[in-house]
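Take a look at the chain below. We'll walk over its surface, then into a pocket, and finish with how far to trust it.

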Amino acid sequence: MEYQARAAHAHRTVAGIHCAIAAMAAIFGYLMTRDTPLLGALAMSMPFAGLAAVHFTVAAGAEQCRPWARTTSTVLGVVMLPLIPLGTAIGVWLLMNTRGEWQPKQRLSESLGEGWPQLQRDTA
């Protein structure tokens, strides 16, 4: 597996964890606020949903070998290092996979033209 695919997988895993935490926070916020339960649910879950969106976006960029995704992945890896123990492990994993060479995979549409028979059109 390429380095960018490993980094994308790690970001998707972290995004899934944030989605689960956001769902639990929404339920907790809904149950704990009596006057405006919907506002409480949104207030508790939005930070985690935002982090999940960031990680999903970086995962998509990492799969496409975008330079901004590599930089963002490095920054997120460094930010996660103090979050012992799971954040440290994921942060180290992200940093290890952002240092390697990111090689874009050849798309199927690009590979078909190399060995595919070309149509011969008559020019009359």
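Which helix gives the largest share of the nonpolar patch? That's H1, with five residues. The patch covers about 660 Å² and is made by Ile27, Phe28, Tyr30, Leu31, Met32 and Met44; Ile27, for one, sits in helix H1. Patch members have over 30% relative accessible area (Shrake-Rupley, 1.4 Å probe) and no salt bridge (Lys or Arg side-chain nitrogen within 4 Å of an Asp or Glu carboxyl oxygen), with nonpolar side chains joined within 5 Å and like charges within 9 Å.

This is a predicted model: local features need pLDDT of at least 70, and side-chain atom pairs count only at 80 or more, while totals for chains, interfaces and linings use all residues. Numbering runs from 1 along each chain as its sequence is written, and side-chain values use heavy atoms, leaving out hydrogens and water.

Now for the largest pocket, with a volume of about 220 Å³. (A pocket is an open set of points on a 1 Å grid where a 1.4 Å probe fits, with protein on both sides within 12 Å along at least five of seven lines; lining residues have an atom within 4 Å of a point.) Its lining has 14 residues, with Val14, His18, His55, Met80 and Leu83 nearest the centre. H1 turns up again here, giving the most to the lining with four residues. By class, the lining has 11 nonpolar, three polar and no charged residues.

As for trust, pLDDT is the predictor's confidence per residue, from 0 to 100. The chain averages 85, but helix H5 (residues 108-115) has the lowest mean among the elements, 57. Where pLDDT is low, the predicted coordinates should not be read in detail.

Notes:
Helix = DSSP H or I, 4+ residues; strand = E, 2+ residues; numbered from the N terminus. Points joined across faces, edges and corners; volume = space filled by probe spheres on them. Nonpolar A, V, L, I, M, F, W, Y, C, P; charged D, E, K, R; others polar.
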